[in-house]
Amino acid sequence: MKKIINRICLIICLITISISLFIIRSQSYTEKRIPDLTDEKITSKIDSVFYENCQKIDVSRKANATIVMLCRNSEIDKVIQSMKSLEGHFNQWFNYPWTFLNDEPFSENFKQQVSKHTNAKIEFGLIPKEQWDFPNYLSKEELDENFQYQSDRTILYSNLESYHKMCRYYSGAFFKHPLISKYKWYWRVEPNVKFHCDLTYDPFIEMEEKNKKYGFNIILSELYYTTPNLFRQVRKYIQIKKIQVKDTWKLLTFNSKWTTSDTKYLDKPEKDEILREIQDQIYIKKFLELKEKPKETEMIDQIIRRSKEMPYLHEDRINLQDFNLCHFWSNFEIARVDLFSDNEYQDFFNFLDESGGFYKERWGDAPIHSLYVGMKLNLNELHYFRDIGYQHDIFSHCPRDSVVGCNCNCPNWPEPEIELSKCMSYWVKYTSDDYKDKPVIDVEYWENKLTKKIEKHLREGGKYGQNLI
Ligand SMILES: Nc1nc2c(ncn2[C@@H]2O[C@H](COP(=O)(O)OP(=O)(O)OP(=O)(O)O)[C@@H](O)[C@H]2O)c(=O)[nH]1
Ligand SMILES: [Mg+2]
C-alpha cells in the first residue's frame, strides 16, 4: 500500500514539475519575444486590409473573374491539394470559375479528377505552341548553350528549358489566352499551395471598389544572378519611351540621386554623409593649394588614405538607379487582366523578349511583372493581401489572428514579414501616412556655405579637417 502511495506521490510531483516548467517556459517566451512587423497594424490611406476579421458572406455581387492555374497532367495530386485548400477557405462560397492552362492537352483523368473538387465552372485551355516555345529564329543549339552556361554557374532551375518557357509564358502571354482574356480579374494559383485562413469577402469586388489593380501576398528579394541584365533593359525602355515612372518604382529601386550633382557623392545616401564629404573635399582642396604646408599630419594621412581607396562598383547602376531586387512573388497574384493584356505591357514585354533575357538569363515573371507594376502603378493601386494566409514552397505568410485574418490556422513556419522583412519594410515605409520623399540636397548651396565657414575657421587659426557641420 505504502509503495502505491509513494508511486502516486511521485507521479503527481512529476506532473506538477512539468506543468510548472511549461508555464515558466511559455512565460519567458512571451516576455522574450521582441515585437516585430507582425505585431503592427499595417494600415494607411494608401493601403489597408479590406476587412480585419471574418465577414458575413455576401455573394449578391460577382466580379468577372477566374482562378487560373498553369500546370501539367502529372501534377494532378498537387493541383487537387491547392484546389481543396482554396475551395475550403474561399471558393466553396464564391464559386469563381477555375481555368487550367497547359502546353499539352489535359488528359481525361486530369479533367475528371479536378471536377470532383469544385462546384464552380471549370475550363481547360491548351497553350498555342507559338506562345509557349521560343521564337523559331533561335536555334536549339543556341538555346541549349545558354541553358548549359547558366546551369554551370548553378543558377536555380536554369538548366530546365521548360522553366524558362514557363517564366516567359507567364510574363508575356497567359493573359492573351482566350479563356483568360474574357475576364477582368484573375487569381493565380499554383499546384501544391496552401491557404491558412478563411477569406469571407470577395477580393475581386473589393479590389474593383478601391480602384486596386494588383494584389500580392509576399514580397521578397530576387536571386541576383537570375536577372543581372533585366534592370538595365527596363531602364533602357524607360528612357527610349520617355516613361514617367509611378510612385511604386521607389519600392523596387535604390535611387542614388540624393543630390543636385550627377557625379559626386553617389555612394552617400544620407545628408550627414554628403555634407561631411563636401566639407572634406573643401579642406583637402584648401590644403593642397597652400604653398607651404603646415605640419597637419592628419590631413596628409587623409589624403594618402583616400588616394588608396577603391570606390565601390555598382554593377547595375544605370541613370543613378539600382534594382533593389524586391519583387512581388507572382505565384500568388490577384490582378486585373488588362494590366498585362494592354498594348503598353505588350510593347514592354516584346522589348524585353528581344533582348534574349528569357534564355540568356533566367528572368522570372515575378520581377518582370513587378518592375512593370513599379513603372505603371501608384502605390495606392496595389493591395497587400495580408489577411490571406498562404504557403508556397518554403515560404508561408500567415497573419496573427490578433492583428488581422479570419479563422487562421498558422503553421509553425518562418514568417516572410520577419524573415524577408527588408522588402516588406520598404512597403510599410513607403505606404505609411507620414512618409515623405527626402528633399534633394543642393550641392552648390552647401559647397558655398561650407567654403565660407571653413575659410573663416582657417583665418581664425582653426585646424584643417575640424568638423564644422
Ligand atoms: N503545363 C506546364 N506547366 C508548367 C511547366 N513548368 C512549370 N509549370 C507550371 O508553372 C507554375 C510554376 O512552376 P514551378 O515549377 O512551380 O515554379 P516555381 O514556383 O518557381 O518553383 P517551385 O519553387 O519549385 O514551386 C506551376 O503552376 C507549374 O505547374 C510546364 O512545362 N508545363
Ligand atoms: Mg511553384
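**Exercise 1. The open sheet**

In this predicted model, determine in which order the seven strands of the open sheet stand, and which strands lie at its edges.

*Solution.* Begin with the strand order, which reads β3-β2-β1-β4-β11-β6-β12, with mixed pairing throughout this open sheet. Next, look at the two ends of that order: β3 (122-126) and β12 (382-384) each have a single partner strand, so one side of each is left without a neighbour in the sheet. Finally, consider the twist, for which neighbouring strands are turned by 20° against each other on average, when direction is ignored.

**Exercise 2. The β2-β3 pair and the helices across it**

Describe how β2 and β3 pair, and find which strands helices α2 and α3 lie across.

*Solution.* Strand β2 (residues 98-102) runs parallel to β3, and the two are joined over five bridges; within this pair, Phe100 stands opposite Phe124 of β3. Turning to the helices, α2 (residues 76-94) lies across β1 (65-70), β2 and β4, at about 160° to β2, while α3 (residues 108-115) lies across β2 and β3, at about 155° to β3.

**Exercise 3. The magnesium site**

Identify the residues that coordinate the magnesium ion (ligand 2), and work out which parts of the chain they tie together.

*Solution.* The ion is coordinated by Glu190 through OE and by His392 through NE2, at 2.0 to 2.3 Å. Now place the two residues: Glu190 belongs to the loop between β4 (185-188) and β5 (193-195), and His392 to strand β13 (residues 390-392), so the pair ties together parts that are 202 residues apart in sequence. As a last step, check their accessibility: Glu190 and His392 are both buried, the criterion being under 20% relative accessible area.

Note on methods. Residues are numbered from 1 along each chain as its sequence is written. Chains are lettered from A and ligands numbered from 1 in the order in which they are written. This is a predicted model: local features need pLDDT of at least 70, side-chain atom pairs count only at pLDDT 80 or more; totals for chains, interfaces and linings use all residues. Side-chain values use heavy atoms; hydrogens and water are left out. Donors are N, O and S atoms within 2.8 Å of the metal (3.2 Å for Na, K and Ca); water is not among the atoms, so sites may look incomplete. Helices (H or I, at least four residues) and strands (E, at least two) are DSSP runs, numbered from the N terminus. Buried means under 20% relative accessible area, exposed over 50%, partly exposed in between (1.4 Å probe, protein chains only). Two strands pair if DSSP finds at least two bridges between them. Axes are lines fitted to C-alpha atoms, for helices over the stretch in contact, and angles run from 0 to 180 degrees between N-to-C directions. Contact means heavy atoms within 4.5 Å.
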